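Visitor: Could you take me through one part of this protein in close detail? I would like to follow a single stretch of the chain and then see where that stretch sits in the whole.

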Amino acid sequence: MSNEAAAAAAALAGSAARNLQQRLMASGHERPEEDRCPICFDLIEFPTGQHSRLYTCCMKKVCDGCVLAAHQRRMNDRCPFCRTPLPTDDASKLAMVQKRVGKGDEDAISFLGDSYCHGDLGLAKDVPRAIELWTEAEELGSVNSHYRLGAIYYSGEGVEEDKERGIHHWQQGAMKGDGLSRHVLGAVEHDNGNYELAAKHYMISAKMGKEDSLNAINNMFKGGLVTKAQYAEALFGYRDAVEEMKSPQREEAKRLGL
């Protein structure tokens, strides 16, 4: 390749990288609809798995407040969203998931990928199968699968390490509003010494209500890497997001340790 061609290729690559960064920072500031409780329609607190319950019959994440309300109505033996009787064992849960997988439900496909990755629901651990399922799910629109694929490729756990590919999936997830993907992009940029970019990523996810991102900005402030104004902006944005996710039922569920 001639010097001119090499220079042109480098310029093109640089332009593409700048465009990607612009899109990354301009999009994905709102969390995806799958992070909302389908009953009260409010966003679920981070980490969503600790503040909601996933029902394999309909693959809906119901917040702890609405789960508590269902229990108070003595609806303990069925899903509070679709009213399907709850499965009693892993085989029944797996059958429900596979039924929805057969209908092309991206959330069910992603969940089945999680189950193969961890060897849950009586399945043998199978990371390659998990990757196949996550890839299918993200092509159907699953935001969670982008994070999963990013983590598996970046770490090289059970697959050949490919950090660039992992970062690509996190970028795709972040642009679709995934707060966890956004947070880990901030961590990657911080580790690479790109503190300005790291702060921008952390700022976005802190304003979504992600405490880890707020703590990261706090640590950067203590280290002189962000300004007092930036930390204050992140703090107030985080508080506003958390306040919007509160409800009397959710607070009661926390008090009861649901």
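**A close look at the RING-type stretch**

Guide: Happy to, and let's begin with one residue. Ile39 is partly exposed, because its relative accessible area is 32%, and the range for that label runs between 20% and 50%. Please keep in mind that this is a predicted model. Ile39 belongs to the loop that runs between helix H1 (3-26) and strand S1 (52-55). Which residues does Ile39 contact, leaving aside its neighbours within four places in sequence? They are Val62, Cys66, Pro80 and Phe81. For Val62, there is a backbone distance to add: its C-alpha atom is 7.0 Å from that of Ile39, with the two positions 23 residues apart along the chain.

Now for the stretch around Ile39. UniProt, in an unreviewed entry, lists residues 37-83 as "domain: RING-type". Over those residues the chain is 19% helix and 17% strand, and the C-alpha atoms at the two ends are 15 Å apart.

The backbone has some details here that you may enjoy checking. Pro47 is also placed in the loop between H1 and S1. The peptide bond joining Phe46 and Pro47 is cis, with omega at about -20°.

Moving along, Met59 lies in the loop between S1 and strand S2 (60-63). Met59 is not a glycine, yet its phi is positive, at about 60°. Is Met59 buried or exposed? Met59 counts as buried because its relative accessibility is 5%, and the cut-off for buried is under 20%.

Arg74 also has a positive phi without being a glycine, here about 65°. Its place is the loop between helix H2 (64-72) and helix H3 (90-102). Arg74 counts as exposed, because its relative accessibility is 76% and exposed means over 50%.

Finally, let's step back to the whole. The protein has twelve helices and two strands. Read from the N terminus, the order opens with α-β-β-α and continues with helices to the end. The C-alpha atoms fill a box of roughly 70 × 45 × 25 Å along the principal axes. Of the 258 residues, 43% count as buried. Among contacts between residues at least 6 apart in sequence, 51% join residues at least 24 apart.

As for the surface, the protein exposes about 13700 Å², and carbon and sulfur atoms supply 49% of that area. There are 32 positive and 38 negative side chains, and the centres of these two sets lie 6 Å apart.

Terms used: Residues are numbered from 1 along each chain as its sequence is written. This is a predicted model: local features need pLDDT of at least 70, side-chain atom pairs count only at pLDDT 80 or more; totals for chains, interfaces and linings use all residues. Side-chain values use heavy atoms; hydrogens and water are left out. UniProt positions are given in the numbering used here, feature names are shortened, and annotations may be inferred rather than shown by experiment. Helices (H or I, at least four residues) and strands (E, at least two) are DSSP runs, numbered from the N terminus. Buried means under 20% relative accessible area, exposed over 50%, partly exposed in between (1.4 Å probe, protein chains only). Contact means heavy atoms within 4.5 Å. Accessible areas come from the Shrake-Rupley method with a 1.4 Å probe; for residues, only the protein chains shown count as cover. Lys and Arg count as positive and Asp and Glu as negative; His and the chain ends are not counted. The place of a charge is taken as NZ of Lys, CZ of Arg, CG of Asp or CD of Glu.
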